[in-house]
Amino acid sequence: MTVAQALVEFLGRQYTVDSVGGPDGGVYRERLIPGMFGIFGHGNVAGVGQALKQWQVVDPTLMPYYQGRNEQAQVHQAVGYARHTRRRQTFAVSTSIGPGSSNLLTGAALATANRLPALLLPSDTFATRAADPVLQQLEQPHGYDITVNDAFRPLSKYFDRVNRPEQLFSALLHGLRVLTDPAETGAVTIALPQDVQAEVFEVPEEFLAEREWRIRRPEPEAEDIAEAARRIRAAKRPVIIAGGGVLYAFATDQLRAFAEATGIPVGWTQAGVGSLAWDHPQALGAVGSTGTTAANAVVRDADLVIGIGTRYEDFTTASRTAFQDPDVRFVNINVAPIDAYKHGTSLPIVADARKALAALTTALGGYRVGAELERVVADEKARWDDTVDTAFAQDNQPLVSQNAIIGAVNRAMDPRDVVVCAAGSLPGDLHKMWRIRDPFGYHVEYAYSCMGYEIPGGLGVKRAALDAAARSSAEGGEENRDVVVMVGDGSYLMMHTELVTAVAEGIKLITVLIQNHGYASIGALSEQLGSQRFGTKYRTLDRQHHTFDDGEKLPIDLAANAESLGVTVYRIEPGPHAIADLEAAIGKAKAAPEGSGPIVIHIESDPLVDAPSSESWWDVPVSGASELESTKQAFATYVDHKSRQRPLLG
């Protein structure tokens, strides 16, 4: 068989096995690679393309093929699917050489930054160099073996190039080892020269047999648990920061039991939203630069921070200004050593979050935080809840605020539905204000904060939700989740093309498109940093002053754009009934049957109305010298915040 045929058959027979998260609490076993995306060109049309077509004729269930409209967006779909399946399944993506391959680079960086699996199969130039140079070949005079695909090396958790057919065996086995490793997962890139894809070789039958990849869930060391329990008992103001690792370990029940038994409050990162329900007594909500005032007030005075499954991004630590107790110490529980050892902790616990929490709960039997900390938590929660109630009730005219839009979407969605977002002002506002009710209900890509992720990522989430519903129905249960993408006009214009994919497959993806005529997030940041919203408005060019800041709004109609793609569109007209109309539109969209295709709900907002303050900070450098008075004032504020930044070494 050909290399491409062996590749496709091998991938179609790989299974993920997990000891948790299966039906009725049993063992989970599902296809690791349930399908493959691809856009075909001269690099892969006669290789992987031929193999997929052959299997579509022989057995279409082995490796279903899915179209996409952009290679980067196909990776985003794979990542969205992977996160919703808790990193136990993902898609493969096949591309041609040249721009088809390099279009994957942003997707690779996103997958690796988020620690989410995606299998990338970019085609490459001739291994034999029989035709040299070929169309779209990159030539470097200092290294003729360098191709475009070498750019994937720093962006991938595993990279290989199959220059000989026999190399396929080790390349795939090592690649899938990394793909299914919770501590090492990310983008796995296996470059496939176009001539090698079509080359015939002998393939051992055992290579093509079914193979299981068990998710590793390591136990914590008993000594580490004992020491962690000792430090928690000695602390006066402990706090938990829950990251995505809590969700990937299926540890939400264990976290809730731990928090209820000990009274230790819980704040969460972007990836950790859903670790607890928003109204749980120990739930402080989001922490850090886009956090709640409740979480940030408690964290500011904490003397012990228990990080569980978090990589401590700068938003989480408010650029290392969040923790102000001079003696604050860290206990980090993480399956990945790189994260467990962060902030110079002397107690890294390299272990599965679920198992570590269960062990800690037992070790701390009878322990509970002091009444003063519990009072502070209750008071701060009440203060923040009142703040969000006020923001959700804003009645701006003639254009509504983004706060009110978020409140309306939150109210209109069912607890099991999923909100999806990625970049701009929406992720921060959702992080601090979204009232989460289900562990799977919040999906914001923020490790890479990639504009354009929202619609393709949401489509990947919806695919995973539909597959889960089909399995649940087959097992006699019910599972149905609507997926609602929230996206601003800036991100929409970056990558709305996968709406066409949803139309082609009849996938009901609901998108709330917020039109604010520019980059609202960076506009607000620019103003804070003294740059006066420069270059962040969608305006016509003033040629005399060469500025886009003061011209007329662009006469664009994004609702009409979506309609032209075959999407059902609901337009929310500005005015006093806009919020009520938005809630009604979401209800109407949710009532549409599965298979009816994507729906876009278009609403205009006022980009100058900010979300409630987090009483926190994010380190973005300000010019130290300037002719602008606004920049001078911003620099003075920056210096003040910078004075509270700490190295966090213990």
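Here a trainee and a mentor talk through a predicted model, one question at a time.

Trainee: Let's start at the front end. How many residues of helix 1 are buried?
Mentor: Helix 1 covers residues 3-11. The buried ones include Val3, Leu7 and Phe10, along with Gln5 and Glu9. The helix is largely enclosed by the rest of the structure, because the buried count is nine of the nine.

Trainee: And which strands does helix 1 touch?
Mentor: First, the sheet: six strands form an open sheet with parallel pairing, in the order 4-3-5-6-8-7. Helix 1 packs on that sheet, and its direction makes about 175 degrees with that of strand 6. The strands in contact with helix 1 are strand 3 (36-38), strand 5 (92-95), strand 6 (118-124) and strand 8.

Trainee: Which strands stand at the edges of that sheet?
Mentor: Look at the ends of the order 4-3-5-6-8-7. An edge strand here has a single partner strand, so one side of it is left without a neighbour in the sheet. That gives strand 4 (65-66) and strand 7 (158-161).

Trainee: Which residue in strand 8 stands opposite Phe159?
Mentor: Strand 7 and strand 8 (residues 187-193) run parallel and are joined by four bridges. Opposite Phe159, in strand 8, is Thr189.

Trainee: There's another sheet further along. What is its strand order, and by how many degrees are neighbours turned?
Mentor: This one is also an open sheet of six strands with parallel pairing, in the order 12-11-10-13-14-15. Strand 12 (283-286) and strand 15 (347-350) are the edge strands, each pairing on one side only. Ignoring direction, neighbouring strands of this sheet are turned against each other by, on average, 20 degrees.

Trainee: What is the bridge partner of Ile306 in strand 14?
Mentor: Strand 13 (residues 304-308) runs parallel to strand 14 (residues 329-334), with five bridges between them. For Ile306, the partner in strand 14 is Val331.

Trainee: On to strand 18. Are its faces covered or open?
Mentor: Strand 18 spans residues 483-488, and six of its six residues are buried, so it is largely enclosed by the rest of the structure. In a regular strand the side chains alternate between the two faces of the sheet. Here Val483, Val485 and Val487 lie on one side and Val484, Met486 and Gly488 on the other, all of them buried. Both faces of strand 18 are covered.

Trainee: Which residues stand opposite Val485?
Mentor: Strand 16 (residues 418-421) is joined to strand 18 by three bridges, and the two run parallel. Strand 18 also pairs with strand 19 (residues 510-515), again in the parallel sense, over five bridges. Val485 faces Val420 of strand 16 and, in strand 19, Thr511.

Trainee: Which residues touch the most other members of the largest nonpolar core?
Mentor: That core has 95 residues. Met486 of strand 18 is one of the four, and its contacts include Ile405, Val419, Leu426, Leu430 and Val512. The full set is Val409, Trp434, Met486 and Ile601.

Trainee: How many residues are in the second core?
Mentor: The second core is separate from the largest one. Leu52, Tyr158, Leu176 and Val203 are among its members, and the count is 36 residues.

Trainee: Now the rings. Are Phe315 and Tyr446 stacked or edge-to-face?
Mentor: They are one of the 15 aromatic pairs in the whole structure. Their centres are 5.2 Å apart and their planes stand at 85 degrees; over 60 counts as edge-to-face. So the pair is edge-to-face.

Trainee: How many residues apart are they?
Mentor: Phe315 counts as buried at 10% relative accessibility, and Tyr446 does too at 11%. Phe315 sits in the loop between strand 13 and strand 14, and Tyr446 in the loop between strand 17 (442-444) and helix 17 (454-474). The pair thus links distant parts of the chain, 131 residues apart.

Trainee: Which ring does the charged end of Arg86 sit over?
Mentor: There are two arginines to look at. Arg88 lies over the face of Tyr28, at 3.5 Å from the ring centre. For Arg86, the distance to the ring centre is 3.8 Å, and the ring belongs to Phe440.

Trainee: Last one: is Ser605 buried or exposed?
Mentor: Ser605 lies in the loop between strand 21 (599-604) and helix 23 (629-642). Its contacts include Leu399, Ile405, Ile514 and Asn516. With a relative accessible area of 3%, Ser605 is buried.

Conventions:
Residues numbered from 1 in each chain as written. Predicted model: local features only at pLDDT ≥ 70, side-chain atom pairs only at ≥ 80, totals over all residues. Heavy atoms only, no water. Buried < 20%, exposed > 50% of the residue type's maximum accessible area, 1.4 Å probe, protein only. Pairing = 2+ DSSP bridges. Axes fitted to C-alpha atoms, helices over the stretch in contact; angles between N-to-C directions. Contact = heavy atoms within 4.5 Å. Phe/Tyr/Trp six-rings, centres within 6.5 Å; stacked < 30°, edge-to-face > 60°. Lys NZ or Arg CZ within 6 Å of the ring centre and 35° of its normal. Core = buried A, V, L, I, M, F, W, Y, C linked by side-chain atoms within 4.5 Å. Lists of a residue's contacts leave out its neighbours within four places in sequence.
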